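Here is a structure to walk through step by step. Keep the sequence and the 3D view side by side while reading.

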Amino acid sequence: MELTWESLAFLIFSVLSLGGGLAVVTLRNLFHSALMLMLSLFGTAGLFVLLVAPFLAAVQVLVYIGAIAILILFAIMLTRTIMGVQTTYNSQWIGSAIAALLVFGLLLLTFTPLGDDVFDEQLSANLEEDPVDDVDYVTVEEIGIAFSTRAGFVLPFEIVSLLLTAALIGAIVVAREDEA
Amino acid sequence: MTEILIDLGFGEDLADVLAKYLGAGLLAGIFLLLPLFTIWIERKGAARFQMRVGPNRVGPYGLIQNFADVIKLLGKELIFPRNVDRLTFMLAPILMVTSVVGIVAVLPLAPTVIGTDLSIGVLYFISVSSLATIAVVMAGWGSNNKYALLGAFRTVAQLISYEIPLIFSLLIPVLLVGTMSMQGIVEFQGTYWLILYAPTAAVIFLLSNIAEIGRAPFDLIEAESELVAGFMIEYSGMAFAMFYLAEFLHAFLVAVIFAVLFLGGWQGPFAEDLPILGIVYLAAKTFFIYLVMMWVRMTLPRFRIDHLMDFNWKFLVPLSVAHLLVTGFVWRLFPDTDLSGGLFSRLVDEFPRMAVMGLSSVALGIVALSLLRQYAANQRQRILSLTTVDEEYALAITPQTTAQSSVVVVTSGD
């Protein structure tokens, strides 16, 4: 495999994404973990750019880093006592490591042909690589049209909107002080 | 640029990448140096608004004062207080500047001069500038200082809240033009500027952007007189200067974005034939908006935190949502006009649609403001009816206290 600029960028973003993810679970300081979560999400946004999905990338940065991760940071800052806990209170890391490895192996078998030779069986999904120029560039217009036509996703879109509105109202009701 | 690099003996791929990096560096460099000039304008302007002279010793009209200040700041020691979280503390100013400089990439400076004309330019602008919030939180937490942390708390509340009217008012140009590309939005304004279609949205956009930058009257993040300097209290030397730089650059870039979205960007006579003219037009519009922002900053005292929140959630958010609905509805009433003809025929054809849109927007703004007046009058009436005879006597001696103390508490100390 030759090293192109795309693959270099892919390498950088994957390292950001995976390394960030690893740091989230290994760092003992919760605030640092949250920052690393942002780094990991940023790496994912970069991967979206490489997959010719700029809209998803921008939304990833705006929603996940700019809003959700910020709220996580905020929650952590408001609960000072849970920060800087140096000792682990459980020993589940061996179990989680095994589970993570199993899932990773399963993904490896499904998406790459690596396992086919080892097990002499067709295990992978047999994905083919698209040349970059063939990949359809999905514009914002197309996403908008898909969300608002009957042939597209108008029903799921409306249901999700309703659900989110309900959740919003529910959040206000829960957070509200009793006036009675 | 690419050809020159190939001639120098670089490979074609490498030359392409290098040329892009150099271009980005050049553009960012120019914009990073601009605050040297805009800070001078700001100081001089502020001085004039406050009946002072401003810097006038170093160089003609004090023009070189900022260079002297930069050298001073470079020479200052970067102090790490004990118990700061070093990495977070150091990364915060860098991230702050990065998030602001990132905006430069999508600014259409002239018909042919643009970093990159992303199809999602507007969305990119919002998502990149939302990263500044993280920088502020990092600085506030990393400083290990209660004032800094308070500043960071206020930031999260303020910036996230004001992002909502910002996005809704930004959606209106996108809705009218039908594209998120910055260049596309500018090209649409060859006939009429978008501020004529949606003046109220333009005002909401400017207000919520001033709040996003955290300038007076929305400067509760720094609030010298209560939080000393908020999240940047522990910073010194260049690290402090970077926050300062980011704020001024952000203010300038917001003025550029406003000019691009609502004032036609580089559009003007002969701009399409001579790109340099486009830059001149854009600069003129930008500095006009910058002046308006400065005017607001110098004139209005700081909000109280609950008023700041009320102003956003009970006024700007409903207004911007209503504006979006009205704009979408009215826009659908008119068929698309043919925009391929000469300038004069375009101006005539487009006029009715522009006029109705503009009038509906202004009407919406007037209705919202009169509702607000009504509410304020009721509040005042209620407060007055609650006061006892003794207090009325006291009020007669100092007439303005009740009416005004509910509006304004602290004045800016800039």
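At 32% relative accessibility, D310(B) counts as partly exposed, because the partly exposed class lies between 20% and 50%. The model is a predicted one. The partner of D310(B) is K314(B), and the two form a salt bridge whose closest N and O atoms are 3.5 Å apart. K314(B) is exposed, with a relative accessible area of 62%. Both residues sit in helix α14 of chain B, which covers residues 305–333. They are four residues apart there, about one turn of the helix.

Side chains of opposite charge can pair when their charged atoms come close. Over all chains, the structure holds six salt bridges. Salt bridges that share partners join E42(B), R215(B), E247(B) and R297(B) into one network.

Consider E42(B) next. Is E42(B) buried or exposed? With a relative accessible area of 3%, E42(B) is buried, since buried means under 20%. One of its partners is R215(B), and the closest N and O atoms of this salt bridge are 3.3 Å apart. R215(B) lies in the loop between α10 (199–213) and α11 (224–227) of chain B, while E42(B) lies in helix α2 of chain B, so the pair ties together parts that are 173 residues apart in sequence. R215(B) also counts as buried, at 2% relative accessibility.

R297(B) forms a salt bridge with E42(B) as well, and here the closest N and O atoms are 2.6 Å apart. This pair, too, links distant parts of the chain: R297(B) is in helix α13 (residues 275–299) of chain B, E42(B) is in helix α2 of chain B, and 255 residues separate them. The relative accessible area of R297(B) is 13%, and R297(B) is therefore buried.

The domains of chain B give these pairs a setting. The domain assignment divides chain B into domain 1 (1–75) and domain 2 (80–380). The C-alpha centres of the two domains lie 22 Å apart. Where they meet, 17 residues of domain 1 of chain B are in contact with 22 residues of domain 2 of chain B.

The size of an interface is often given as the accessible area lost when the parts come together. For domain 1 and domain 2 of chain B, this buried area is about 1,800 Å², with 86% of it on carbon and sulfur atoms. Which residues of domain 1 of chain B lose the most area to domain 2 of chain B? They are F31(B), E42(B) and F49(B), which together account for 36% of what that side buries. E42(B) thus appears again, now as part of a domain interface.

The rule finds two salt bridges across this interface. Three residue pairs are in polar contact between the two domains, with both residues at pLDDT 80 or more. On the side of domain 1 of chain B that touches domain 2 of chain B, α2 (12–49) and α3 (65–75) of chain B each supply at least two residues. Of the elements on that side, α2(B) gives the most, with 14 residues. The residues of that side divide into 13 nonpolar, three polar and one charged.

Helix α2 of chain B also holds G25(B). This residue is partly exposed, with a relative accessible area of 42%. From the C-alpha atom of G25(B) to that of A198(B) the separation is 36 Å, and the two residues are 173 residues apart along the chain.

Now turn to the interface between the chains. How many residues of chain A are in contact with chain B? There are 24, and they touch 27 residues of chain B. The area buried between chain A and chain B is about 2,300 Å², and carbon and sulfur atoms give 80% of it. W5(A), L62(A) and M77(A) supply 27% of the area that chain A buries against chain B, more than any other three residues.

Across the interface of chain A and chain B, the rule finds zero salt bridges. It finds one residue pair in polar contact, both residues being at pLDDT 80 or more. Three helices of chain A, α2 (30–50), α3 (54–78) and α6 (140–148), each supply at least two residues of the side that touches chain B. The most comes from α3(A), with 13 residues. That side of chain A divides into 19 nonpolar, three polar and two charged residues.

Technical notes: Residues are numbered from 1 along each chain as its sequence is written. Chains are lettered from A and ligands numbered from 1 in the order in which they are written. This is a predicted model: local features need pLDDT of at least 70, side-chain atom pairs count only at pLDDT 80 or more; totals for chains, interfaces and linings use all residues. Side-chain values use heavy atoms; hydrogens and water are left out. Contact means heavy atoms within 4.5 Å. Buried area is the accessible area (1.4 Å probe) that two parts lose on being put together, summed over both. A salt bridge is a side-chain nitrogen of Lys or Arg within 4 Å of a carboxyl oxygen of Asp or Glu. A polar contact is a pair of N or O atoms within 3.5 Å; within protein, one must be able to donate a hydrogen and the other to accept it, and residues adjacent in sequence count only if both atoms are side-chain atoms. Ala, Val, Leu, Ile, Met, Phe, Trp, Tyr, Cys and Pro count as nonpolar, Asp, Glu, Lys and Arg as charged, and the others, Gly among them, as polar. Domain bounds come from an automatic or database domain assignment. Buried means under 20% relative accessible area, exposed over 50%, partly exposed in between (1.4 Å probe, protein chains only).
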